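User: Could you take a close look at one helix for me and walk me through what surrounds it in the chain? Plain language is fine.

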Amino acid sequence: MNPRVTARALLFGLSGLLLLALWLSLALGPVSLPLLDSVRALLRLLGVPLAAPEQAVLIIGQIRLPRSLLGLTVGAVLALTGVAMQGLFRNPLADPGLIGVSSGAALGAALAIVGGTLLGGLPAVVAPYLLSGSAFAGGLLVTALVYRLGRRNGQTSVATMLLAGIALTALAGAAIGLLTYLADDATLRTLTFWNLGSLNGASYARLWPLLLVTVVVALWLPRRARALNALLLGESEARHLGFAVERLKAELIFCTALGVGAAVAAAGMIGFVGLLVPHLVRLLVGPDHRLLLPASALAGGALLLFADLLARLLLAPAELPLGIVTALLGAPVFLYLLLRGRA
């Protein structure tokens with residue numbers, strides 16, 4: 001079979017799966033819409049002059065479209081950064097959180113949630129952006145510290161970065177525990193639900209910064225696909241092939257910090273997507289990053305949309321936190337892969 005045909009068929013299939021997930025995400029929920037009405041409402045929102053029920057136009061335009069697009073971008077960027085980290089560490093079970101960006105973002109959000117309460121409230125103009133901005137800044141700062149600890153004599157030690165990431169993740173966890181202890185009941189509830197991850201409360205204002213970051217990461221990482229392929233052979237081999245390995249490491253870490261920080265700032269802590277999706281896609285397409293990166297982005301977006309759909313429907317009209325659903329889906333598959341690897 002022609003590899004090009006196989007690659008095109010796979011990308012076409014994943015694109016179809018993503019469109020199906022997006023369609024169902026727009027149509028289904030506590031108030032389900034007919035599938036055809038949801039398509040008409042979406043086309044009307046895009047400027048096509050079609051007749052559509054006003055209720056469907058309102059629900060999709062104000063609630064479900066920003067939520068679905070937010071889920072798509074979060075899943076795509078987490079999967080892309082997962083590919084980047086697995087390539088950097090040359091380990092198919094590496095996770096974007098290894099360099100501390102997730103824990104740093106969680107600490108930044110906890111400081112914003114608890115600190116805002118302890119200070120007696122914030123101005124109405126600042127409050128909507130404080131949580132996301134603090135989470136994003138926390139992720140970037142912790143990642144920058146991990147990268148600095150891993151640098152010595154102009155070289156970046158991946159092993160040192162891994163150990164520094166583990167240490168700072170534990171330190172951030174202790175700080176979050178202290179803030180949790182200081183929080184009152186209402187603040188504790190907010191902090192707990194944020195740490196569990198959710199797309200509830202999605203809006204276009206929250207979507208656009210993440211969408212911009214996702215586009216930057218999605219355009220930049222494929223430009224380094226050949227360098228990532230060379231890095232799989234080892235750092236010295238990649239240098240002999242003419243690639244700037246130290247610059248590549250810095251770019252991968254920066255893209256991961258940018259993408260994961262923005263995703264956590266927008267949707268909270270969502271696990272297993274950056275770990276599981278690249279690993280499963282690699283089993284299908286092999287280690288070639290020229291195909292692995294776009295396929296993982298499509299699969300990550302589709303997975304998170306399906307997970308969010310389950311979160312909305314399983315206990316409707318109540319809603320499960322998205323992080324719980326991804327863990328319930330991801331952990332058994334991950335254990336199966338480990339057991340199969342042992343066999």
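Analyst: A quick definition to start: the expected span of a helix is 1.5 Å times one less than its number of residues. Keep in mind that this is a predicted model. Now to helix α12, which covers residues 273-285. With its 13 residues, α12 reaches 18 Å from its first C-alpha to its last, close to the 18 Å expected.

How much of α12 is buried? Ten of its 13 residues are, so the helix is largely enclosed by the rest of the structure. "Buried" here means under 20% relative accessible area. At the start of the helix, the buried residues include Val 273, Gly 274, Leu 275, Leu 276, Val 277 and Pro 278. His 279, Val 281, Arg 282 and Val 285 are also buried, so a histidine and an arginine are among them.

Now the two flanks. Ahead of the helix, Phe 272 sits in the loop between α11 (245-267) and α12. Phe 272 isn't a glycine, yet its phi is positive, at about 75°. Its relative accessibility is 26%, so Phe 272 counts as partly exposed. On the other side, just after α12, Gly 286 takes a positive phi of about 90°.

For another non-glycine residue with a positive phi, look at Arg 90, where the value is near 50°. Arg 90 belongs to the loop between α3 and α4 (101-118), and with a relative accessible area of 38% it is partly exposed.

Technical notes: Residues numbered from 1 in each chain as written. Predicted model: local features only at pLDDT ≥ 70, side-chain atom pairs only at ≥ 80, totals over all residues. Heavy atoms only, no water. Helix = DSSP H or I, 4+ residues; strand = E, 2+ residues; numbered from the N terminus. Buried < 20%, exposed > 50% of the residue type's maximum accessible area, 1.4 Å probe, protein only.
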